Amino acid sequence: MQLVLEQIIVHPGQQLLLKELNWQKFETILSELGESRASRLSYSNGFLEIMVPLPEHEKDKEIIGDIIKILLDAQNINFEPLGSTTFKNELMNQAVEPDACFYIKNYQAVIGKNKLNLEIDPPPDLVIEIDITSRTHLDNYRLLGVPELWRYTQSGLQINLLQEGEYIESLTSPNFPNIPIVKLINQYVEQSQEFGRSEAIRNFKNWLRENIDHDLN
């Protein structure tokens with residue numbers, strides 16, 4: 001019996017794995033699911049993983065993204081946030097949708113583009129993933145050439161840098177040199193979980209005013 005997408009239910013916090021899907025079938029599913037959906041997709045060499053994040057997952061993603069935007073703005077660094085854009089490369093048989101991503105060094109390459117193809121477009125400079133449960137994600141980003149991947153779990157922030165085709169864990173971020181980014185992310189995400197996003201962001205901005213000599217407007 002062949003199932004249609006409307007018959008498949010994936011609850012928040014759960015995952016569905018489909019196997020033996022060629023690229024054309026993946027593209028069909030991607031098109032049928034559309035843009036307005038809660039699920040995230042990861043495709044690698046015939047395996048398609050469909051995930052629906054939990055609400056707390058979304059909260060962590062949002063505040064980490066907010067911190068990055070505020071920090072980049074405070075330093076007058078141009079960037080383009082692309083959220084959960086679908087990144088795919090048919091030649092590598094890979095596709096993935098991050099929780100959040102940022103073009104920083106390569107921001108000019110994506111201005112005005114609604115869809116990206118990593119066969120011709122550069123990968124994002126920074127990708128954020130919350131509670132990765134599958135190694136497939138890491139392989140996706142590695143094969144797609146994403147230079148910096150942040151993974152936030154219950155243990156805190158882990159920075160992974162792509163070096164010679166493999167991810168190496170690092171305590172610092174090339175996108176935020178001379179800034180204790182691991183400490184900051186862990187501190188203010190924890191504050192948001194205890195006191196709420198608004199208070200955590202205000203405290204973070206106060207830290208910026210005291211430590212970075214730029215007007216936050």
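Visitor: What makes Asp-121 count as buried in this structure?
Guide: In this predicted model, Asp-121 has a relative accessibility of 8%, and because buried means under 20% relative accessible area, Asp-121 counts as buried.

Visitor: Why is the pair of Asp-121 and Lys-113 called a salt bridge?
Guide: The term asks for a side-chain nitrogen of Lys or Arg within 4 Å of a carboxyl oxygen of Asp or Glu, and the side chains of Lys-113 and Asp-121 meet at 2.5 Å, N to O, so the pair fits the term. Lys-113 itself has 39% relative accessibility and counts as partly exposed, because that value lies between the limits of 20% and 50%.

Visitor: How do you know that Glu-62 and Lys-61 form a salt bridge, and is each of them buried or partly exposed?
Guide: Their side chains meet at 3.3 Å, N to O, and since the cut-off is within 4 Å, the pair counts as a salt bridge. Lys-61, at 10% relative accessibility, is buried, whereas Glu-62, with a relative accessible area of 41%, is partly exposed.

Visitor: What makes Lys-88 and Glu-27 a pair that ties together parts of the chain?
Guide: Lys-88 forms a salt bridge with Glu-27, with the closest N and O atoms 2.8 Å apart. Lys-88 belongs to strand β5 (residues 87–89) and Glu-27 to helix α1 (residues 23–33), so the salt bridge links parts that are 61 residues apart in sequence. Glu-27 is partly exposed, at 26% relative accessibility, and the structure holds 5 salt bridges.

Visitor: Why is strand β9 described as largely enclosed?
Guide: Strand β9 covers residues 148–153, and 5 of its 6 residues are buried, so the strand is largely enclosed by the rest of the structure.

Visitor: How do you know that β9 pairs with β8 and with β10?
Guide: Pairing needs at least two bridges between two strands; β8 (residues 126–130) is joined to β9 by 4 bridges, running parallel, while β9 and β10 (residues 156–163) share 6 bridges in the antiparallel sense, so both pairs satisfy the term. Val-127 has Leu-149 in β9 as its bridge partner, and Tyr-152 has Leu-157 in β10. With 2 residues between them, β9 and β10 form a hairpin.

Visitor: What is the handedness of the crossing of α4 and α5, and which residues make the contact?
Guide: The crossing is right-handed, and the contact is made by residues including Leu-184 and Tyr-188 of α4 and Phe-204 and Trp-207 of α5. The contact residues divide into 6 nonpolar, 3 polar and 2 charged.

Technical notes
Residues are numbered from 1 along each chain as its sequence is written. This is a predicted model: local features need pLDDT of at least 70, side-chain atom pairs count only at pLDDT 80 or more; totals for chains, interfaces and linings use all residues. Side-chain values use heavy atoms; hydrogens and water are left out. Buried means under 20% relative accessible area, exposed over 50%, partly exposed in between (1.4 Å probe, protein chains only). A crossing is left-handed if the near helix is turned anticlockwise from the far one by less than a right angle, and right-handed if clockwise. Contact means heavy atoms within 4.5 Å. Ala, Val, Leu, Ile, Met, Phe, Trp, Tyr, Cys and Pro count as nonpolar, Asp, Glu, Lys and Arg as charged, and the others, Gly among them, as polar.
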